Amino acid sequence: MKNLPKGSKKLLNAWAFYDWANSVYSLVISSAIFPIFYGALTIIKDAEGNKIDDTVRFLGIDFNNDSLISYVTAAAFLVVSGLSPFLSGIADYVGNKKNFLKFFCYLGAISCIGLFWFDLDYLWFGLLCYFLALIGFWASLVFYNSYLPDIAFPDQQDKISAKGFSLGYIGSVILLVLCLLMILKYEMFGFEDEGLPTRLSFVLTGVWWIGFSQYTYHYLPKGTKKAKLTKNVMFNGFKELRKIWKSLKHNLQLKRYLVAFFVYSMAVQTIMLIATYFGIEELDWGEQDATTGLIVSILLIQLVAVLGATITSKLAAKIGNIKTLIFINIIWVLICVYAYFVTTPNQFYVAAASVGLVMGGIQSLSRSTYSKMLPENALDTASYFSFYDVSEKIGIVIGMFMYGAVAQITGSIRNSILFLVVFFIGGIVLLFRVPKISE
């Protein structure tokens, strides 16, 4: 098939549609059903629903259940950080970005399906599937994001980036609602209890991800360069990363933005990963069903995020990307302070709606702002976005370990949330130092 021209509406829509395909992982596995399933499997409660024990034995060692999943998450992000520069360099050099995108998409999706067999008796297998699904999702985003400057002109990038996130939120909500219906109305679907439909949700996530991504693959170009894969090329990614690191010395704007992004993204991503666990551990749900309440909160976040991404794109067009990012970070500070005092479901819903409003905006605008700052006619876009993603992932690793450390020392996840305010304030200060972007 002949490649569509850069800026083509069909090409842009096909690119954005991958968000529709892969965002079900973020919602079902990272945020909603799997965390609740994991908590139910690893927390022992009495007849009144009070927690008795949350210790999990793995590899002969006793772990707190939250600590264990945090360590596995951090380890997976470390792997992604190491893989990204290596693989993206190869992809740019040999011109097969799409093949790498497909590989990690299929790795992540098949691993989601493998979570169907998650069980304490075979905990190693379940955690391995969780580990590989996370790697597949985030590694695929390196190549997906790197397509943005290849397929869209600078004046299109904010809008199409926001559209991608919006499609992702809508698609993931549709699947979550279907899964929620299966779980809560299991008798109507012929299930004996909610266990099997919960596990089937992981299978549906993988099938959805693989199925809908085919539309994206049909229209995306293969890559931008052509060369044979030789032994020297295998290490080209590290050379590219080093070259980009050196180039930052001559690009003050990009360098300062990356530092600011590293700091505030550390807090954003950590909050997104621990939000559901916070709701499980810290809230008094009373007579309300905690599972339903948590999923309602997550749905609220997703739906409001669609609006947030659109509003952010329009605000950036009026006052500029950097000023908009500063404003959003200030809102994040206020949300964290408020969350520290949250104890009831209704308060949690308010916090969830607020998070949704700024979550989609800060993600989409951060991506498009970085894309605008890349050198003109840069062909090694995957390497540049690998550098971007490595910064994000190392930030997540640091954030997750610090969250775990603060929670372990103080005995409360609540204190970890408040501690993240420091990173948002740091991000605000650093964003003020970024030179004006040409938009």
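V177 is partly exposed, with a relative accessible area of 33%. In this predicted model, V177 lies in helix α7, which covers residues 154-184. V177 also belongs to a nonpolar surface patch, together with I170, I174, L178, L181, M188 and F189. The accessible area of that patch comes to about 610 Å². As background, an α-helix has 3.6 residues a turn, so residues three or four places apart point the same way.

Let me turn to helix α5, residues 123-146. What span should the 24 residues of helix α5 have at 1.5 Å a residue? The expected value is 34 Å, and the end C-alpha atoms are 35 Å apart, which agrees. Helix α5 is mostly covered, since 19 of its 24 residues are buried.

I now come to the interior. The largest nonpolar core has 138 residues, and the members that touch the most others are F34, W209, Y257, W332 and Y370. Helix α10, residues 252-282, gives the most to this core, with 15 residues. To take one of those five core members, which residues does F34 touch? Leaving aside residues up to four places away in sequence, F34 is in contact with V28, I29, I69, L115, F118, Y130 and F202.

Finally, the charged side chains. Side chains of opposite charge can pair when their charged atoms come close. The count of salt bridges in the model is one, taking a nitrogen-to-oxygen limit of 4 Å. E392 pairs with K393 in a salt bridge, and the closest N and O atoms are 2.7 Å apart. Are these two residues buried or exposed? Both E392 and K393 are buried.

Terms used. Residues are numbered from 1 along each chain as its sequence is written. This is a predicted model: local features need pLDDT of at least 70, side-chain atom pairs count only at pLDDT 80 or more; totals for chains, interfaces and linings use all residues. Side-chain values use heavy atoms; hydrogens and water are left out. Patches are made of residues with over 30% relative accessible area and no salt bridge: like charges are joined within 9 Å, nonpolar side chains (Val, Leu, Ile, Met, Phe, Trp, Tyr) within 5 Å. Accessible areas come from the Shrake-Rupley method with a 1.4 Å probe; for residues, only the protein chains shown count as cover. A salt bridge is a side-chain nitrogen of Lys or Arg within 4 Å of a carboxyl oxygen of Asp or Glu. Helices (H or I, at least four residues) and strands (E, at least two) are DSSP runs, numbered from the N terminus. Buried means under 20% relative accessible area, exposed over 50%, partly exposed in between (1.4 Å probe, protein chains only). The expected span of a helix is 1.5 Å times one less than its number of residues. A nonpolar core is a set of buried Ala, Val, Leu, Ile, Met, Phe, Trp, Tyr and Cys residues joined through side-chain atoms within 4.5 Å. Contact means heavy atoms within 4.5 Å.
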